[in-house]
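Some notes on the cysteines and on one helix pair follow. Please read them beside the model.

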Amino acid sequence: MEAKSRGVCGQEGCRETRYFIENGLWYCRRGHQQEGMQVGEDADDFGTQGKVTRLKKPVREKPPKTYKGKHAYLLFLHIYQLILWKQCHALVQGQGFPAKLENIVRDLWALRLETLSDKINTFSEKDEPEFFSSSQPAAATGAEKHIEAPKIGSKYLQWPRLIDSIALCYLAALLMRIPISIADFHRMLMRGEVPFLRIILAIPREMRDRLPQEYLSLLETTRLPKAEHLHKAALDLSVWYRHQFGMEFPGLNLPPLLYRYIKRLAVPIEIYTAVHRLNTITRFPFAFPERVTGRVTALHLPEVQLATLIVISTKLFFPFDDIKRYPQSTREPSSQVVNWELWAQVQRHFDARETSGGRIGKGKEVLVNDSDVFNMSSAQLDEYMDWYESSWLDVSRGNSSFLADLFPLGRMRGKSRPPSQAGPADTHEDEEEAIESMIQTVSSQLKPRRAIRAPDPDVLRPGAEYQRYRLDSDLSDEAEPFYETVAKVTGISLSTLVRVVHQTESKISRWVDDQRRESNFMESSDAWLEGDDPADDQSLPELDDDS
């Protein structure tokens, strides 16, 4: 049999280079079969021994085509609309919102699309969004404590941001007069009850693969959202809708929302009437401003206005110091004394109820850092890994990550939920029970204050020696827990709350001074009309001749 020269065999150190064919297979002269080659016999047998056929490599799936330009922008709007629907569905089906909420959000989004129609028709490559440019509004840093007004003609409002979807749901709830706060929406998205964090996983893979990365960056949460971001986004959208369509959003549904604040803070119900009476002086509209020129402060936010009056009313009737102030009647709200040390204790117990029993607490998993992991128990590690699997692991294409293969996936499938993953209804009932228990504990420790009817200049009355704080570092040990709780319930920082409360106190103080001057002027005018010489009145200041 004729041998042919080929490459070195290499099997078992064989250096043979001569080969022959037997039964359609190649062998070296030492008898080593060669892999990957096969020779079939020719049916016509035209003097050849056969032909060589090579094994075909598996066909690789081609990556999907990524859209560009106008098609990418249209796909982005479709995905954004899908996100809105998922969030509304979670609010209606999981949180008990009225089904009409979805219709209102759809109408608001339709108005937004009308303004984007011209942009869609004239879209060019220059209109590509900037990377991470408008995913979330920037928080105030350093000495910057103001809120910037949105610029109507800028890119800032041309590209829908992810946080605008939550703000749109809040404005829809405001139109429906639902007594819900910004802090409630923030808590729902942090707990995963409303899709927001890692929303990219809720988008179908087919749509996600065709969207360019610069558009995907608009839907990624690059940092944890804060409730202050939601306040600012809601303000921006309300001003934008008012400018574009003349739409006026109603104010807060004050009676039920104020009652919810008082109940959550576990303060006496007399604060309800005090807030309304104080507002006759401040005249807060409890609504978003009609127009924004330049920069506005946090005091223009309706919920911040409400929280400010609650703090001032509490300081007037139930001060945080030990100074004795005697009311003139036992019917006055200040005839009761709040034990603020006990109040701070029950508030800390209320905040720690979800972490009892060694749990991380729902909504706090995202706050875990690398140093916390070393101090976790086995149960906490399992809880955190279950949350990570459901919230961050992308299994739409299978377990492609080699790190994910090192951990057991789907551990909780087919098993009952742990206590930290109770449903929304169970969580709401537990919270209501905890609030009721907190109110009973604080109310049972209210102490009466003796009333002194007779006028006595040496007796301090309610409101005397009123303490004002300009900075959060000036807060007393008794006042700081209350300020912190109000700031958390409102969804603003402690420094912001201290600042707006001080501004409102200055406004009320100026009103009191104006009333005092007006009263003194009326008394002097009455004395002059009765024939008395105003110069004999020692209560009036002496005037110079030049005056």
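1. Cys-14 is a buried residue, its relative accessible area being 5%. This is a predicted model, and the value for Cys-14 is computed from it. The cysteine sulfur closest to that of Cys-14 belongs to Cys-28, at 4.2 Å. A disulfide needs the two sulfur atoms within 2.5 Å, so the separation of Cys-14 and Cys-28 is too far for a bond.

2. Cys-88 is also buried, with 2% relative accessibility. The closest cysteine sulfur to that of Cys-88 lies 4.3 Å away, in Cys-169. That distance, too, is too far for a bond.

3. How many disulfides does a search of the whole structure find? The count is zero.

4. Cys-169 appears again in the packing of two helices, as one of the H4 residues that meet H5. H4 covers residues 162-175 and H5 covers residues 182-190. Their axes are 11 Å apart and form an angle of about 135°. H4 is therefore oblique to H5. The crossing of H4 past H5 is right-handed.

5. Which residues make the contact between H4 and H5? On the H4 side they are Ile-166, Cys-169, Tyr-170 and Ala-173; on the H5 side they are Ile-182, Phe-185 and Leu-189. Seven residues of this contact are nonpolar, with no polar and no charged residue among them.

6. To sum up the cysteine part, Cys-14 and Cys-88 are both buried, and the structure has zero disulfides. As for the helices, Cys-169 of H4 takes part in the contact with H5, and its sulfur is the closest cysteine sulfur to that of Cys-88.

Technical notes: Residues numbered from 1 in each chain as written. Predicted model: local features only at pLDDT ≥ 70, side-chain atom pairs only at ≥ 80, totals over all residues. Heavy atoms only, no water. Buried < 20%, exposed > 50% of the residue type's maximum accessible area, 1.4 Å probe, protein only. Axes fitted to C-alpha atoms, helices over the stretch in contact; angles between N-to-C directions. Helix = DSSP H or I, 4+ residues; strand = E, 2+ residues; numbered from the N terminus. Parallel < 35°, antiparallel > 145°, perpendicular 65-115°, else oblique. Left-handed = near helix turned anticlockwise from the far one by under 90°. Contact = heavy atoms within 4.5 Å. Nonpolar A, V, L, I, M, F, W, Y, C, P; charged D, E, K, R; others polar.
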